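Visitor: I should like to learn how to read a helix in a protein model. May we work through one example together?

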Amino acid sequence: MKSVQFQYFPKNKKISADLNKVVDVFVGKYNLICSPENELDSNAVLNIVSADLSKLGFTIEKSKKKEDKIQVPVLFGKNGMMENATKTTQRNYLKVGSYTPATDNTEAVIDREFYGQGYIFKDEEAYATSLDQVCYIPELSDTTYTHQNFLDLMDGQEELARDLFNRVDWQHPESLFEDDYVNGEYDNCSVCGRLFACYEKSACPHCAPSASALFSRAFASSRYRFARHWDMGFWG
Ligand SMILES: [Zn+2]
């Protein structure tokens, strides 16, 4: 007798009980959906199994209409490239205020909103998708900052630039960086000269990516969190 064929991966693991229940749904409806006895497209098959899948807690897509589609996060496709599962999928980027660049006829328009500690413009999508779009304007000057400006400030290192961008909430990025540097949160490696964040690595990760650096990381980061916590309590 024919029956549902399935293969679970990785092959050295037994299929989980949850997934077995899913297989059982298809086994139970086998006579209605098997081919070539039946000639159903995937939506017709889904219709037949949807009630049983719902009972297992699955949400079933009702139709291909936009409002019925299930929103799925970004997926990683071939060669690790990002692909959107549906066209309606969008990341929720942080956006504070707005910025309209100058044109030949009009001046730039800055519309600040309150965020963190002051009135600023901050646009995470501009940071994430472009190097030269304005993504941040501090409270006390109209100096505009792009992703590239953050990179230039942080030794060209994306991880550090992103962290600084995430944290600015009223001040000039240079000021926040300088304060952090003075407080010992960043240092320049005495060997290669490159900038690194001390609270994550006790040794420069550029010329000493060693096991000991990894080992100290967990300890150093918990100490950093403690220090920040204490600072906040201290300064109110
Ligand atoms: Zn180094």
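Visitor: Which elements are included in what covers the buried residues of α6?

Guide: Please bear in mind that this is a predicted model. The cover over the buried residues of α6 includes the helices α4 (124-129), α5 (147-153) and α7 (173-182), together with the strands β8 (134-137) and β11 (195-197).

Visitor: Which residues of α6 are the buried ones?

Guide: Let us take the general idea before the case. An α-helix has 3.6 residues a turn, so residues three or four places apart point the same way. In helix α6, which spans residues 158-167, the buried residues are L160, A161, L164 and F165. These four lie on the same side of α6, because the arc they cover around the axis is only 135°.

Visitor: Which exposed residues does the face turned away from the buried side carry?

Guide: That face of α6 carries E158, E159 and N166, which are exposed.

Visitor: How should one read a residue in a loop, such as T143?

Guide: One asks where the residue sits, how many neighbours surround it and what it touches. T143 belongs to the loop between β8 and β9 (145-146). T143 counts as partly exposed because 13 other C-beta atoms lie within 10 Å, whereas an exposed residue would have 12 or fewer. Leaving aside residues up to four places away in sequence, T143 touches I137, P138 and H172.

Visitor: How many residues apart along the chain are T143 and H172?

Guide: They are 29 residues apart along the chain, and 8.5 Å separates their C-alpha atoms.

Conventions. Residues are numbered from 1 along each chain as its sequence is written. This is a predicted model: local features need pLDDT of at least 70, side-chain atom pairs count only at pLDDT 80 or more; totals for chains, interfaces and linings use all residues. A residue is buried if 20 or more other C-beta atoms lie within 10 Å of its own, exposed if 12 or fewer, and partly exposed in between; C-beta atoms are placed from the backbone. Helices (H or I, at least four residues) and strands (E, at least two) are DSSP runs, numbered from the N terminus. The arc is that of the directions from the helix axis to the C-beta atoms. Two residues are in contact if their C-beta atoms, placed from the backbone, lie within 7 Å.
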